[in-house]
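Colleague: I would like a close look at one part of this model, set in the context of the rest of it. Could you take me through it in one connected account?

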Amino acid sequence: MSAKKWFLVIAAASLLLIQAAPAPASAASTPYESYNYNFWEEAVPAPAAYVPKLSISGADIGIGDFVEPSDMVVSSSGMIYVVDSGNARIVSLNDQWKVQHLFNGYEKDGETVAFKNPSGLFVDEEENLYIADTDNGRIVVLSKDGNLLKTIEQPASDVLPKDFKFIPLKVTVDRAKRIYVVAKGIYEGIMQFDEKGQFIGYVGTNKVQRDYTEMFWRLLSTKAQKAQMVLFIPTEFSNIDIDAKGFVYATNIDPDSKEPVKRLNPSGEDVLKRFGYFDVVGDIRYRIAVGPSKLIDVKVIGNGMYSVLDANQGKVFTYNDEGDLLYVYGGKGNQNGTFKIPVAVEHLGENQLVLDRGKSNIVVFEPTKFGSSVNKAVKLHYNGEDEQAVPIWQEVLRLNSNYDIAYIGIGKSLLMDKKNGEALKYFKLGMDRESYSVAYKRYRREVMKEHFGTFLTVLLVLAAAWLAFRLVNFRRQKRKLTISNFASQTLKEGKTL
Amino acid sequence: MKQDFITFPLHVIVHPFDGFWDMKYDNKGKVKVALTFLLLVIIAVILRNQFAGFLVNYNDPRYLNSLTQLVTIVFPFFLWCISNWAITTLMDGEGKFKEILMATGYALVPLVIIYVPMTIASRFMVEEETAFYYLIMTLSTIWFLVLLFVGTMTVHQYSVFKTITTMALTVIVMGIIVFLGTLVLSMLQQMADFFINIYRELIFRT
């Protein structure tokens, strides 16, 4: 009886304690774990850079659910376009999530032509829409009111095979109105069209990975066996984007590639900077069952930053212009802020948007203090204003003292100010050996210049001391020698005596 | 003392044929000295791993363990000596175990005298100069290998070709010893488990 009572009292007390405990800081917690990789390639917990703010489905904005949406674009004026593939339409929204226009097709020669499974979209600065109308096998260019400007049909060229079928998936356009298209079954690279829609050629081919065991087996096998084997073909690109300078960013989904993200210059060479501690590949540590990141979208954010979307794990990785991983957010799951089948990442002002095909919604992420500080500092550093970046980097370090890029950023600013000794400390913390070397070279010269007089004096004194020591020693030994000689002589004389 | 610990080892490393001959036939070497150099090498390696300049030191300081480093040097050292003794006994080598131990120990001298100053120098180097660091470190290893070679040759009175063969065989025997050792250990473990299980079954029987 009394035991029961006691038990009741304890239970009540524990309940009270639970009530009294302060609510965990879950207000800003995320449904995914936030981390970054350190120099030793370990995933180290980091504060979240972006947290989910809200999610928006087609029903929320009053146009019925999206069906298998496959692309999303935010134009320079802030309009949001969603490619609603299953409903064969393009939806344009303003930044208040109000529907502005529904593009179901276009008028050509008095007839209405409907889209058929459109899957890619680009919006240029004049708000013209470039639509990859996949199952119709054409690129459609519409004005912002939905008037047809032109179409690009199946291209004809000597380069292309006779039975070539044009199935455009993704599209982007540069300043000179050249159109870049990722098409299905095209391994030669990205198709490039001039402003009139004439096929020019390919840019940026993915390299074939050499597999030595495969080559060995090939060496041993017969012709019939060889014919059965898989062909070594480069992988297709998965998505493209273009930056303000007209460089094309492209991703591919080759699981073995060390360079799944490319930045192609106008002549088609890959010029992406990869100066970080590790490759620009998304996750560098993963379970074998899960596999490496599968990058299916890339978005240029500006100031050298770009985000890539990993469909395998549903994560967004953001890099700076030098290829350092800035932050990671997202994950797979059912909670708000995690994705089922993410297909596109965009940015709207400070926020980032991710389009989820599996859940048919758009998730809006807003930066935390940490995220926006990193963005601000990277922007200042990119524009050469390192000194102004220092207080922001210090703020970042206050929030995350494992953030190597911040140490390097501060170090570089100190180096600029000729505070080489202090810069050394920061570069060491950031594990940046190259910059450390530069700083140390200057520091060493500085110290030597400053202390050259002292150094020389010490050297001279030491030399003099050594000489004096030798001289004294020599004298003493000479004396010893003469004494011993004298002694032996006397001994001899004594003997003879 | 000075003769044993400084003069003679320095003589050996610059005049290896002469030096190892004196070690074997004039009884100038001492096991005590060889073991001292082993200890000094361990200390030099630990110092290098801990204190080499930032630009050349790629060790993760969180995982540096002096005891592990001690084992990773002492174990191969004695493994080499035992394997070498085992193989040369079969191959008409004239060396005794003591002499093999001394030859191997004296061969370590260049590592000691190069590692320590290079560790200090590396702290004052910039990126372009680290090439010298790596060069000199490689030279010290080559020097060590040459001394080991000459030592083995002199101690056992072998020809050049036979020395190379023996050294290669020694490495193979080292592998075999490690393999057998692991085998014995795992068997002992299983036997122990077996008896523990019998004991358990006996006490749980009622």
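What follows is a request about the longer chain's architecture and a single extended reply.

Colleague: Please look closely at chain A: into which domains is chain A divided, and how many residues does each domain bring to the contact between them?

Modeller: This is a predicted model, and I will begin with how far chain A can be trusted. The mean pLDDT of chain A is 87, with 91% of its residues at 70 or more. One stretch stands apart from that picture, since over residues 19-27 of chain A the pLDDT stays under 50, and the model shows zero contacts for these residues beyond four places in sequence. Where pLDDT is low, the predicted coordinates should not be read in detail.

As to your question, chain A is divided into domain 1, residues 39-367, and domain 2, residues 369-459. Their C-alpha centres lie 37 Å apart, and the contact between them takes 16 residues from domain 1 of chain A and 14 residues from domain 2 of chain A. On the domain 1 side, the residues that touch domain 2 divide into 10 nonpolar, three polar and three charged.

The overall form of chain A can be described alongside this division. Its C-alpha trace spans about 145 × 90 × 55 Å along the principal axes, and its radius of gyration is 34 Å, whereas a compact globule of 497 residues would have a value near 23 Å. Of the 497 residues in chain A, 37% are buried, and among the contacts with a separation of 6 or more, 46% join residues that are 24 or more positions apart.

In secondary structure, chain A has eight helices and 27 strands, and two annotated spans show how differently these elements can be distributed locally. The UniProt record, an unreviewed entry, places a "repeat: NHL" at residues 115-145 of chain A; over that span the chain is 0% helix and 52% strand, and the end C-alpha atoms are 16 Å apart. The record, again as an unreviewed entry, places a "transmembrane region" at residues 452-472 of chain A, and there the model is 100% helix and 0% strand, with 30 Å between the end C-alpha atoms.

One residue of chain A deserves attention for its backbone. A:W97 sits in the loop between β6 (89-93) and β7 (99-103) of chain A, and its phi is positive, about 65°, although it is not a glycine. Most residues other than glycine have a negative phi. A:W97 counts as partly exposed because 14 other C-beta atoms lie within 10 Å, a number between the limit of 12 or fewer for exposed residues and that of 20 or more for buried ones.

Finally, chain A also meets a partner in the model: nine residues of chain A are in contact with six residues of chain B. On the chain B side, the touching residues divide into four nonpolar, no polar and two charged. For chain B, the unreviewed UniProt entry gives a "domain: Yip1" over residues 11-179, a span that is 78% helix and 0% strand in the model, with its end C-alpha atoms 38 Å apart. Chain B has a positive phi of its own to consider, near 55° at B:N27, which is likewise not a glycine; B:N27 lies in the loop between α2 (16-25) and α3 (31-51) of chain B, and B:N27 is exposed, with 8 other C-beta atoms within 10 Å.

Methods:
Residues are numbered from 1 along each chain as its sequence is written. Chains are lettered from A and ligands numbered from 1 in the order in which they are written. This is a predicted model: local features need pLDDT of at least 70, side-chain atom pairs count only at pLDDT 80 or more; totals for chains, interfaces and linings use all residues. UniProt positions are given in the numbering used here, feature names are shortened, and annotations may be inferred rather than shown by experiment. Helices (H or I, at least four residues) and strands (E, at least two) are DSSP runs, numbered from the N terminus. Two residues are in contact if their C-beta atoms, placed from the backbone, lie within 7 Å. Ala, Val, Leu, Ile, Met, Phe, Trp, Tyr, Cys and Pro count as nonpolar, Asp, Glu, Lys and Arg as charged, and the others, Gly among them, as polar. The radius of gyration is taken over C-alpha atoms; the globule rule is 2.2 Å times the number of residues to the power 0.38. Domain bounds come from an automatic or database domain assignment. pLDDT is the predictor's confidence in each residue, from 0 to 100.
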